[in-house]
Amino acid sequence: GSLASAHENCSSVFTWSVRDRAAQRVVLRRGGGAEKSDCSARAAPLAASALSVSACAHFCVVGYADGLLQRFHMQAGLSRGAYARLPPPTTSTTATTTPSTAAEGPAAEGLALAHAGCVSGVFVDQAGAVVASCGADGALRFWALHAHRLLSEEPLPAPPRLLRGCRAANLLVVADAADALRVFDVGARRLVRVFLDGCLGGVAD
């Protein structure tokens, strides 16, 4: 089996062998490119912010700080496409734009965004059919894993802080900035329960 890890200020995701307990050669590079991994403060606006590996361990869906949501093949490290709801951001061509800044971000990569802001949570269901993602735009979105098509969208009353899923029950829970917990049925793609009280000091997991 394989694991994947995202790291602070890093635009690449690293893979690990459970059997060998060691890092693998395969690196999931943003946009599917072959450039060297950037794990510096400069990469923070494009850093990986959330991920989920499918139950079959063939795919990893990665969310990024700018709202990009991309699917990778775990063994080959190749991009299999992005989940797009928003058109690619336009790149300014004014005199203040330098060549280095014009060459970065989704516009330069030809990629569209799944969220307007940082992706704070990703979950792939047990069947490997549905991806759920939430972001700073205050939306929970359900996507077809392979077709990259938006299936449905649930507005959230407060920006989500994190998302966790239970594949055995096909449920996920979203914790928001107000420390409320909302439980969703992934198969039905609907809200089934809300917990508004009982969490003190912020939900950590």
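In the predicted model, strand 10 (residues 139-144) and strand 11 run antiparallel and are joined by five bridges. One residue pair places this pairing in the sequence: phenylalanine 142 has serine 152, in strand 11, as its bridge partner. Both strands belong to an open sheet of four, ordered 8-9-10-11. The pairing in this sheet is antiparallel. Strand 8 (119-124) and strand 11 (150-155) each have a single partner strand, so they stand at the edges and one side of each is left without a neighbour in the sheet. On average, neighbouring strands are turned by 15° against each other, direction ignored.

The protein chain as a whole contains 15 strands and two helices. It has 205 residues, and 43% of them count as buried. Its accessible surface comes to about 10,200 Å². Carbon and sulfur atoms hold 55% of that surface. Among contacts with a separation of 6 or more, 42% link residues that are 24 or more positions apart.

Alanine 114 lies in the loop between helix 2 (106-109) and strand 8. Its relative accessibility is 0%; because buried means under 20%, alanine 114 counts as buried. Residues up to four places away in sequence aside, alanine 114 touches Gly67, Leu69, Tyr83, Arg85, Arg141 and Trp143. Tyrosine 83 is 31 residues from alanine 114 along the chain, yet their C-alpha atoms are separated by 5.6 Å.

Histidine 73 is placed in strand 6 (residues 69-73). Its contacts, neighbours within four places in sequence left aside, are Leu28, His58, Phe59, Leu78 and Arg80. Valine 53 is 20 residues away from histidine 73 along the chain. The C-alpha atoms of these two residues are separated by 9.9 Å.

Phenylalanine 59, a contact of histidine 73, also takes part in a charge-over-ring arrangement. The charged end of arginine 71 sits over the phenylalanine 59 ring, 4.7 Å from its centre. Another such arrangement involves arginine 30 and tyrosine 64. Here the charged end of arginine 30 sits over the tyrosine ring, and the distance to the ring centre is 4.9 Å. Aromatic rings were also searched for pairs with one another, across the whole structure. The search finds one aromatic pair.

Notes
Residues numbered from 1 in each chain as written. Predicted model: local features only at pLDDT ≥ 70, side-chain atom pairs only at ≥ 80, totals over all residues. Heavy atoms only, no water. Phe/Tyr/Trp six-rings, centres within 6.5 Å; stacked < 30°, edge-to-face > 60°. Lys NZ or Arg CZ within 6 Å of the ring centre and 35° of its normal. Buried < 20%, exposed > 50% of the residue type's maximum accessible area, 1.4 Å probe, protein only. Contact = heavy atoms within 4.5 Å. Areas by Shrake-Rupley, 256 points an atom, 1.4 Å probe, with all protein chains shown as cover. Pairing = 2+ DSSP bridges. Axes fitted to C-alpha atoms, helices over the stretch in contact; angles between N-to-C directions.
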